[in-house]
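The following paragraphs lead the reader through a predicted model. The sequence and the structure are shown first.

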Amino acid sequence: HISAGFRNRRPAATLLLYAILRESALCAMPLRAPTSIALAVAFAGAAAVASSEPIAADVAAVAADDECSGDEACAWNALQLRGQRTSSAPAPDELSAQAMTEAMQDCHDVQEGEFGVCMNSIRWARDEGYPKHPGWYHGLTPETATLADWQMFAWNTTHPTCPRPCSAKWDASWCDSPEAPELWKPKLPQDPTSVRVLSYNLFWWNLFKIRGGLSANNLIKATGAVEPYDVIGLQECEDPDRVFKVVGLDRVYSSFLGSKAVCVAYRTDRWELLDNGEDEVAMDMRTEFYGHRVAQWLRLQDKKNGMTMLFVNHHGPLSVNSGGACGGKSTAHNLLKGMAKRGQPGDLLVLAGDFNANAASQTVQSLWPHLLHVYNSPSFGGVDNIFANVPRDAVLEAKDLGSGGSDHHAITATLSFATPQMSKAAPGVALEPGSAMEALKEAKGSDGCMFEPKSLYVFSETAWAVYKKNIVDPRQCCSVCQATAGCTTFVWEEWNAGVKGPLCSLRQGEPLKVSSKASAVSGLPHAAAMKTALGKASAL
């Protein structure tokens, strides 16, 4: 319906939306409340006001949003990106006393008379959006709502166009990054045995809701026909019965649905369930916010040899390679902390899922010293991963199983335990982190970037810099950096007092220091992220 709303005034935008919505593979099922779509759409018109003719970069940028819904949210993202056409900006002005106070609080309360993306969004919502679609603005009316009310509404969306109001307090406790716990090696049974693992993002909104999902059902059934999987982790899964029961796999596996569209299953003829549950480990960045993310877990015991296993299924936070609002190190350590809490010494530990993080991320890099990176997929630069507390030679097989109709590839690994140890890498499959680096090379757009949320890279006053105004998403800031000669780092600020709006700073070289700032995101473009990841991988 949003494209219809702009058909007369924005024919170019309508054509772009049509092209994007037709290419449904660019989007995936979001994890968020339905009202988030309306909130984002409700302020979309302002982003269309400053748009120019559609270009290929718009479509590429939308593709970076792995979890837009395919309808309203995808349409909103397209309009948002078109409205944020980058332009050169002067260096920020000196901060006023009021601006300095707001900077200390890391927020900004917009004022009447201001210009920029935020006020444009609010004006459009009051003057055009509400009269045409009052149902989008729950609890707001132009007659009674204050400017602060409109700002809060525009900020509290999946893709906000306004900075955080000073009345909306940041919960810094969520970002406390615990020290990584010391994990253990598995206690192996006397007799040779093996464990098969499957991880698969099901692209639910499209593959199951639109196309029926049978191709994914058949992939799981066919690849597990000779030897069933021991554990299965599914992401973007809303009904395990539609995955397993439809093709008779409910007689092979017992399954559980988690609270955040994740499912786990285990082979019932081999394993006894000891315990299961889920723990919150991360939340999305505010610029791509669909909610909190969990680690869904099962603790199992082999009925024959007594071996115990803790299996963890994780669908990671957005944006890709950010680790969510609190950063990759925090997310990785929360995952490890949960494994230490839910498992017991001697358990085989297996962590699998769509991490929304590849080898460029601090999430994956922070897991490398603690768990073996068993395998990852080529999808989105390698965001689907399997880790385990096993030696390298315990990897008997690691395979890419193809997409089965999803926008992600299913991946599997077989861990072998024997005396003497007899595992080998599967023919043609590079042991990690080698294959993770190969997948990262193929990352497209911002999927190859590394993001550090709540971090502000600080440079000398004379350092090379280019400034871009009105970019409200750090992913776009990274994309601009990648397209700008000389840019090797970037800093994105939700609100910069000097330009009175969001600011993307393109920088060169190493920062003098890294300061903490909740509404800032700093990071590396693809080439620099590759170099950093390669250095850390080589040190393993």
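A salt bridge is taken here to be a side-chain nitrogen of Lys or Arg within 4 Å of a carboxyl oxygen of Asp or Glu. Asp-230 and Arg-270 satisfy this rule, since their closest N and O atoms are 3.0 Å apart. Asp-230 belongs to the loop between helix 11 and strand 2, and Arg-270 to the loop between strand 4 (262-267) and strand 5 (271-283), so the pair ties together parts that are 40 residues apart in sequence. Both Asp-230 and Arg-270 are buried.

By the rule given above, the model holds 14 salt bridges. Another of them joins the side chains of Lys-209 and Glu-238, at 3.6 Å from N to O. Lys-209 lies in the loop between helix 10 (204-207) and helix 11, whereas Glu-238 lies in the loop between strand 2 and helix 12 (240-244); the pair therefore ties together parts that are 29 residues apart in sequence. Glu-238 counts as partly exposed, because its relative accessibility is 30%.

A further salt bridge links Arg-267 with Asp-269, with 2.7 Å between the closest N and O atoms. Arg-267 counts as buried because its relative accessibility is 12%, while Asp-269, at 54%, counts as exposed. Through salt bridges that share partners, Glu-227, Arg-267 and Asp-269 are joined into one network.

Attention may now turn to the sheet. Its 6 strands follow the order 3-4-2-1-12-11, and the sheet is open, with mixed pairing. Strand 3 (253-257) and strand 11 (395-400) are the edge strands, each pairing on one side only. On average, neighbouring strands of this sheet are turned by 15 degrees against each other, direction ignored. Helix 11 (residues 214-223) packs on the sheet and touches strand 1 and strand 2 (231-235); the direction of helix 11 makes about 170 degrees with that of strand 1.

Within the sheet, strand 1 (residues 193-201) pairs with strand 12 (residues 411-417) in the antiparallel sense over 7 bridges. In this pairing, Thr-193 stands opposite Phe-417 of strand 12. Strand 12 also contains Thr-414, which is buried because its relative accessible area is 6%. Among the residues that Thr-414 touches are Ser-194, Val-195 and Leu-396.

The last feature is a pair of helices. The axes of helix 15 (residues 434-441) and helix 17 (residues 526-538) come within 11 Å and cross at roughly 175 degrees; the two helices are therefore roughly antiparallel to each other. Helix 15 contributes Met-437, Leu-440 and Lys-441 to the contact, and the residues from helix 17 include Met-530 and Leu-534. By class, this contact has 6 nonpolar, 1 polar and 1 charged residues.

Conventions
Residues are numbered from 1 along each chain as its sequence is written. This is a predicted model: local features need pLDDT of at least 70, side-chain atom pairs count only at pLDDT 80 or more; totals for chains, interfaces and linings use all residues. Side-chain values use heavy atoms; hydrogens and water are left out. Two strands pair if DSSP finds at least two bridges between them. Helices (H or I, at least four residues) and strands (E, at least two) are DSSP runs, numbered from the N terminus. Axes are lines fitted to C-alpha atoms, for helices over the stretch in contact, and angles run from 0 to 180 degrees between N-to-C directions. Contact means heavy atoms within 4.5 Å. Angles under 35 degrees count as roughly parallel, over 145 as roughly antiparallel, 65 to 115 as roughly perpendicular and the rest as oblique. Ala, Val, Leu, Ile, Met, Phe, Trp, Tyr, Cys and Pro count as nonpolar, Asp, Glu, Lys and Arg as charged, and the others, Gly among them, as polar. Buried means under 20% relative accessible area, exposed over 50%, partly exposed in between (1.4 Å probe, protein chains only). Lists of a residue's contacts leave out its neighbours within four places in sequence.
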